[in-house]
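Me: Hi! I'd like to learn how to read a protein model. Could you take a few questions?

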Amino acid sequence: MNEVSDARQIARESANLVLDGAVWSVTLLTDGEALANTVAPQTDSLYHTLQQHDQTAATPVLESLLPDIRALAMLLSSLRSKSTCSPSRFADEADWLAARIAVLALSHVAVTLPELSLLDEANRRLRMLSDQLHMTLPTAAPVLLTAPQRNPGMLQGWSRQRMSGMVGVAHGMQSLFMASRLAAQQCRDRLHPLWQRLQAPASN
């Protein structure tokens, strides 16, 4: 992808996406990766972070309550690793982004201009896994952000599959926890064929 020449086309597609009623907006609080190396933030800190986001724009879910994202990120990393010793960081940004796209079945992801190459790499790894497993995993098209950088700790995406039990930030953290757990179950059900395919060689 040529980041400069494609930017205008991406911007037009981003505007059209807003008008597509079949696409559901999802905001992921990417605390799953962050909490691996930091002290867990307090609940009121998470709530304050979410309140700063546009509460009408997307459904917030907590990555730390969607364990399939971490599992898939680690899987993608393991397929690439050739080292005999453990690296300091198993999964990189592209692994995590690819896992988020696959688990949440995202058709579009909001990225800044410098992040276009990261999305390209995440999609490439998903296609490689798809080829290896002989099944189709979702890849995501970019929605270009006008801001120079994304809000830290958040990923905005769009899916053509609506998640059940979604609520807004105004309903409080308890409702967000419940919504995230419901989303986790829905993602787990959708990914069941993938995990079965991965386990099949070991069972023969």
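Here are my questions, each with its reply.

Me: What kind of model is this?
Reply: Residues are numbered from 1 along each chain as its sequence is written, and side-chain values use heavy atoms, with hydrogens and water left out. Local features need pLDDT of at least 70 and side-chain atom pairs count only at pLDDT 80 or more, while totals for chains, interfaces and linings use all residues, since the model is predicted.

Me: Which helix or strand gives the most to the largest nonpolar core?
Reply: A nonpolar core is a set of buried Ala, Val, Leu, Ile, Met, Phe, Trp, Tyr and Cys residues joined through side-chain atoms within 4.5 Å. This one has 38 residues, and L72, I101 and V109 touch the most other members. Helices (H or I, at least four residues) and strands (E, at least two) are DSSP runs, numbered from the N terminus. With 8 residues, the element that gives the most to this core is α5.

Me: At roughly what angle do the axes of α5 and α6 cross?
Reply: Axes are lines fitted to C-alpha atoms, for helices over the stretch in contact (heavy atoms within 4.5 Å). Angles run from 0 to 180 degrees between N-to-C directions. The two axes come within 8 Å, and they cross at roughly 65°.

Me: Is Q186 buried, partly exposed or exposed?
Reply: Q186 lies in helix α7. Buried means under 20% relative accessible area, exposed over 50%, and partly exposed in between (1.4 Å probe, protein chains only). Its relative accessibility is 21%, so Q186 counts as partly exposed.
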